[in-house]
Amino acid sequence: MDEQAQQKPVFILYLTGAEHDEALQGLTQWVRHLLLPVYGREVTSTAPWCTSWWLHREAVAQLYGLWLSWQELTSAAAGLTGPAIWHRDHLAHVMNALRDPSGPFAGCKASGHREKEPPGMAPYEE
């Protein structure tokens, strides 16, 4: 494996065990200490948020991608326009998708998480 491939982060949905736990811990710190204090808006029925967001795989995947892009676009190597690009191209899209009334937090309330069943799948037929 070449050095460049070893340096690239592996997407969180493909990680297991301690690697997954470490990635989720880093994401959780970013969400709790930067994303929500700065960009979190009031929870309403038309803009839900789950206080147990890490239990929603879609939310973890979307937030992890948002966090990776934050790291890239707010680094010194991104230049002066990096943060503006992050806001324009990443933040609103992800937050709107997560907070959509039919999004991953649909049915969750400020008071707690609600488990959801994934859509059923027809058996594979050859």
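Contact here means heavy atoms within 4.5 Å. By that criterion, and leaving aside neighbours within four places in sequence, Trp49 is in contact with Leu36, Val43, Leu63, Met95, Leu98, Arg99, Phe105 and Lys109. The model is a predicted one. Trp49 is found in the loop between helix 2 and helix 3. Its relative accessible area is 8%, so Trp49 counts as buried. Arg99, one of its contacts, lies 50 residues from Trp49 in sequence. The two C-alpha atoms are nevertheless 6.1 Å apart in space.

The protein chain holds 4 helices and 0 strands. From the N terminus on, the order of elements is α-α-α-α. The chain has 126 residues, and 31% of them count as buried. Contacts between residues at least 6 apart in sequence were also examined by separation. Of these, 68% join residues at least 24 apart.

The largest nonpolar core has 27 residues. Leu27, Trp30, Leu35, Trp53, Leu63, Leu66 and Trp86 have the most contacts inside this core. Helix 2 (17-39), helix 3 (57-73) and helix 4 (82-99) are the elements that give two or more residues to the core. Helix 3 supplies the largest share, with 8 residues. In soluble globular proteins, nonpolar side chains tend to be buried together. Trp86 illustrates the contacts of one core residue. Beyond its neighbours within four places in sequence, Trp86 is in contact with Trp30, Tyr39, Leu66, Ser69, Trp70, Leu73 and Leu91. Two of these partners, Trp30 and Leu66, are also listed among the core residues with the most contacts. Leu63, a contact of Trp49, is on that list as well.

The largest pocket encloses about 250 Å³ of space. Its lining is made up of Tyr39, Arg41, Glu42, Ala47, His87, Leu91, Ala92, Met95, Asn96 and Arg99. Helix 4 gives the most to this lining, with 6 residues. By class, the lining has 5 nonpolar, 2 polar and 3 charged residues. Some lining residues recur in the contacts described above. Met95 and Arg99 line the pocket and are in contact with Trp49. Tyr39 and Leu91 also line the pocket, and both are in contact with Trp86.

Cysteine pairing was then assessed. A disulfide is a covalent bond between the sulfur atoms of two cysteines. The count comes to 0 disulfides. The cut-off for a disulfide is a sulfur pair within 2.5 Å. The cysteine sulfur closest to that of Cys50 belongs to Cys108, and the separation is 3.6 Å, so the pair is too far apart for a bond. Cys108 is likewise in no disulfide, and its nearest cysteine sulfur is that of Cys50. Cys50 is buried, with a relative accessible area of 0%. Cys108 also counts as buried, at 6% relative accessibility.

Residue Gly107 is found in the segment after helix 4. Gly107 is partly exposed, with a relative accessible area of 34%. Along the chain, Gly107 and Pro48 are 59 residues apart. Their C-alpha atoms are separated by 8.1 Å.

Leu13 offers another link between residues distant in sequence. Leu13 lies in the loop between helix 1 (3-7) and helix 2. Its relative accessible area is 35%, so Leu13 counts as partly exposed. Leu13 and Val60 are 47 residues apart in sequence. In space, they are 8.3 Å apart, C-alpha to C-alpha. Not counting residues up to four places away in sequence, Leu13 touches Arg57 and Ala61.

Conventions
Residues numbered from 1 in each chain as written. Predicted model: local features only at pLDDT ≥ 70, side-chain atom pairs only at ≥ 80, totals over all residues. Heavy atoms only, no water. Core = buried A, V, L, I, M, F, W, Y, C linked by side-chain atoms within 4.5 Å. Buried < 20%, exposed > 50% of the residue type's maximum accessible area, 1.4 Å probe, protein only. 1 Å grid on protein atoms, 1.4 Å probe; cavity = no way out; pocket = protein on both sides within 12 Å on 5 of 7 lines; lining within 4 Å. Points joined across faces, edges and corners; volume = space filled by probe spheres on them. Nonpolar A, V, L, I, M, F, W, Y, C, P; charged D, E, K, R; others polar.
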